[in-house]
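Me: Please take a close look at one part of this model for me, and then place it in the wider chain. I'm happy with one long answer.

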Amino acid sequence: MAAHLKKRVYEEFSKVVQQQPHEEVPAKKLRLTKPSKSAALHIDLCKATNPTDALQYLLSFARKPVEAESVEGVVRILLEHYYKEVDNSVRLKIASLLGLLSKTPGFSPDCVVDDVISTLNNDKSNQVLAQLLDTLLVIGTQLPENTAVTQRLIEVACKHLNSTYFGVRNKCLQLLGCLGTVDKPLTKESEAGTSVAPLRDVQSLISDYFGDQDPRVRTASIKAMLQLHGRGMKLQQTAYSQACKLLNDDYEQVRSAAVQMVWVLSQLYPESIVPIPSSNEEIRLIDDSFGKICHMVSDGSWMVRVQAAKLLGSMQQVSPHFLEQTLDKKLMSDLRRKRTAHERAKELYASGEFSSGRKWADDAPKEKVDTSGVNLIDSGACGAFVHGLEDEMYEVRIAAVEALCSLAQSSPSFAEKCLDFLVDMFNDEIEEVRLQSIHALRQISTHITLREDQLDTVLAVLEDSSRDIREALHELLCYTNVSTKECIQLALLELLKNLTKYPTDRNSVWKCLKFLGSRHPTLVLPSVPELLSTHPYFDTPEPDMDDPAYIAVLVLVFNAAKSCPTMPALFSDHTFRHYAYLRDSLSHLVPHLRLPGRKQTAVLGSELSEVGSGSLESAQQFLQESLARVSTLQNLDSPGAQDLLDFTIRDLQRLGELQTELAGSADFCATYLHCQLLLMKALQEKLWNMAVPLCLKQNAMASTAAQQILEETYKLEFLYSGLETRQVATIHNVRLQAKALQLILTARTKRGVEPLIGLCEKFLQEVELFQRLFMTELPHFQDSFVEKLLELMPRLVACKPLDLVKILQTTLRQSRFIHLKLPEQIHRASATIIEPTGESDNPLRFTSGLVVALDIDATLEHVQDPQTTVKVQVLYPDGQSHIIHPKPGDFRTPGPGRVRLITQVYLSHSAWTEPCQIEVRLLLAYSSSSSKLAAPKPAWNESTEGLPTSESSVEGTINLSKPVKVFIMPKPARR
């Protein structure tokens, strides 16, 4: 025995000694190969016999990555060949490469600034000069804190601003915009080079080029000013008049940049007073800029028109009379200067005569209205939104609608005036414009009340074939106020027509009528006898409860009755019965009513639910107390631990049902505790103290529990959002415990060591991966399973598989229970299939071998990246399962955290003898490689190449919704 132990010790020692040189060899190879980049480039450039070959070598070199340590050597080689090269194209490419290399992470480009500036001063080619200035711009952005380098670059830019080439001037202005500061004034060298101009700030220097002869330079100068503004520098108001002149420039790019400049200055100095040209009047700068940008809505370029329309929506401080002028093409007299009565009488007295009536039009006004004269607002602003809404380009119309919506939200009076214009946009030929106008009207619905003629135009859109348009209009009607009972009847009639023409809109129409009734109870009340077909003397036939139109009418009436206590007196007996039925079947649409002479059993339940809904704080306290009670368990073998976990899981599940706000947190905790309970049952004493043939049933139960724990951990990680790193680490710890249990059970049931070698290596890789991913969270895992494994890691790597299994078994039973710390909010991903309902007994019949389309309508809650993770599963009675990937266009986002899936699934099968049910459900696909904490890419790819492979290969699906059963009947083909 002693000899065996001695031999074992020698074996372990020899293994350790052999690994040390094996780990050091790759590091030495890496160091030896890094300098070869610059050497290879030097050899290639020396081999080039003409500029074309040199250019090809440089292009191929640009596609290869360069390490930070090799960048400086490569830069020196490039500069050396730059000085030798005569061809401009090669020098241009070398200058471009210098800029690319300066962006290399870990490389400080301040060492090449002097060389680039010296080459800049000596080069004569304008294209190369522009590229060198671009390289200096890259270097300056990489060194924002080096003031000395920044100042040198600014001086270089000022020096080359007098260049005759537009590209050089462009880059100089871009340099000033990105690096210019207000701390130090600039000096611009004169053309003679002897005298120095007076000190000037960067803004006045840039503004000199607003009038440059080249439009590209004018554009660059405005963008440089905007860059200064973006960096936090306050622009001077003196630039406003220059920017206004550029609004009439001949070039589209200049006008576009000038519009942005005028808007920026209007936001900086809204209350400043500016004079009006050709008059002695003054006006606020925000109003003046608003008129000028309104004028740009009629620009010749559609891109400028879109930009101007978008900017109008953000100018909230404009005076109301200027705002209202944009909706009228006629020039309002309010926008001209008016003379007082004293001034008019004085002028009349000075003329020396009054009107005698003998002369024709002798009392006519002396002055003529000139739209370009003394207007306080530019004539182009008159009807600016009218022009925008009638524009030939739909992009301009959409921008105008969005701007109208933004301005109307902050001005109720403007909202009323623009209502007719938005309603007219419902008839636009482009679906996107119609949809945007509906959304805009929905956002300002709190400020408006629709007239009957307006409502008639709005309801005409219900004939639209687009489902998105119809549902957006239903949502608009939910929050719209109408003026008369005729409007309610008209809306109900059109919605019932919509329901008949498009039966799939059933739920949307019902929801719309629910809000319509609750918002207008007094308008619904006079129409109740007509809507319910009741008569004061005669009994009327009882309507069919399967009719969706009748249910729609009841939803309208019952929601109106909630705020109108006199309405239930008009109900007939069958209406009360129908109310009880709908209250149970459609409780989300039918409210609780206090009906006279009826049993109030539902009242008690509603009061209890109201009490429960108001006790969110006590529910949160109960959740924390439950977790604190479970955290007293020291390990999984504590007496009474199973009962405590059972009771806690039951309480948490019930808490999630009662408190929807805490449903995600409660379900998350219950699932985690269920994993601990399964692990506890699998590690019972009698299972491990008996031989395997004597406890086959218990062994199979433990294997099932391990597999179930793995599935639950993937649900915990991918089905819940809002998790922090600590919770993800806790989930991975439980997953490691389950995999260790699987490894132990495999060792107990299989003979031989060979099957265990690969499993042991895979398990140790996953432990190392855990250590890499959650290094910062390890202090929170004291005495846990994973911490004990990491302490024993040197021993586990060296020991034999069977010894490793014994160590795992002991560690697993002695590991401490990890207390679960909850983040602020956890949401559980869920899905509800609205269509098909699964209630129809009429099968979908189709010919075998062909396909039939099944419409799917589902609502997704708190699903992250649904376009790539949500799948539709169809399960046939013979066990076949098809998984369909919906198109990205099938997903819509009606609100934050909510996604709507509207798609079609094609079914096909061979002939059946009778109809059978298929199951349709939504799945959430997951992959461990796309985990919330992806493994960081190691710098040494060769040494850790195989580590993450075991984790990244795990893929699967999680049930996201309850299955819906649909009858189908494939018929045999006719001969």
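Reply: Happy to help. Helices here are DSSP runs of H or I with at least four residues, numbered from the N terminus. Please keep in mind that the model is predicted.

With that naming, Asp-464 sits in the loop that joins α23 (452-459) to α24 (467-478). Is this loop residue buried or exposed? Its relative accessibility is 14%, and because buried means under 20%, Asp-464 counts as buried. A polar atom of the Asp-464 side chain lies 2.8 Å from the backbone nitrogen of Ser-466. Setting aside residues up to four places away in sequence, Asp-464 touches Arg-434, Ile-469, Arg-470 and Tyr-502.

Now to the wider chain. It has 975 residues, 46% of which count as buried, and it contains 43 helices and 16 strands. Among contacts with a separation of 6 or more, 74% link residues 24 or more positions apart.

Leu-623, in helix α32 (residues 616-630), gives an example of such a link. The C-alpha atoms of Leu-623 and Ser-665 are 8.6 Å apart, although 42 residues separate the two along the chain. Leu-623 is buried, with a relative accessible area of 4%. Beyond its neighbours within four places in sequence, its contacts include Leu-652, Leu-655, Cys-669 and Leu-822.

Aromatic rings offer another view, with eleven aromatic pairs in the structure. In one of them, the ring centres of Phe-385 and Phe-414 are 6.4 Å apart and the planes are at 50°, so the pair is tilted. Phe-385 belongs to helix α18 (residues 384-389) and Phe-414 to helix α20 (residues 412-417), so this pair ties together parts 29 residues apart in sequence. Both Phe-385 and Phe-414 are buried.

In the pair of Phe-668 and Tyr-720, the centres are 5.3 Å apart and the planes are at 75°, so the pair is edge-to-face. Phe-668 lies in helix α34 (residues 663-682) and Tyr-720 in strand β5 (residues 720-721), so the parts tied together are 52 residues apart in sequence. Phe-668 counts as buried at 1% relative accessibility, and Tyr-720 does at 4%.

One helix is worth a last look. In α3, Ala-54, Leu-58 and Phe-61 are buried. Seen down the axis of α3, its buried residues fall within an arc of 60°, so they line one face of the helix.

How values were computed: Residues numbered from 1 in each chain as written. Predicted model: local features only at pLDDT ≥ 70, side-chain atom pairs only at ≥ 80, totals over all residues. Heavy atoms only, no water. Helix = DSSP H or I, 4+ residues; strand = E, 2+ residues; numbered from the N terminus. Buried < 20%, exposed > 50% of the residue type's maximum accessible area, 1.4 Å probe, protein only. Polar contact = N/O pair within 3.5 Å; in protein donor to acceptor, adjacent residues only side chain to side chain. Contact = heavy atoms within 4.5 Å. Arc of directions from axis to C-beta. Phe/Tyr/Trp six-rings, centres within 6.5 Å; stacked < 30°, edge-to-face > 60°.
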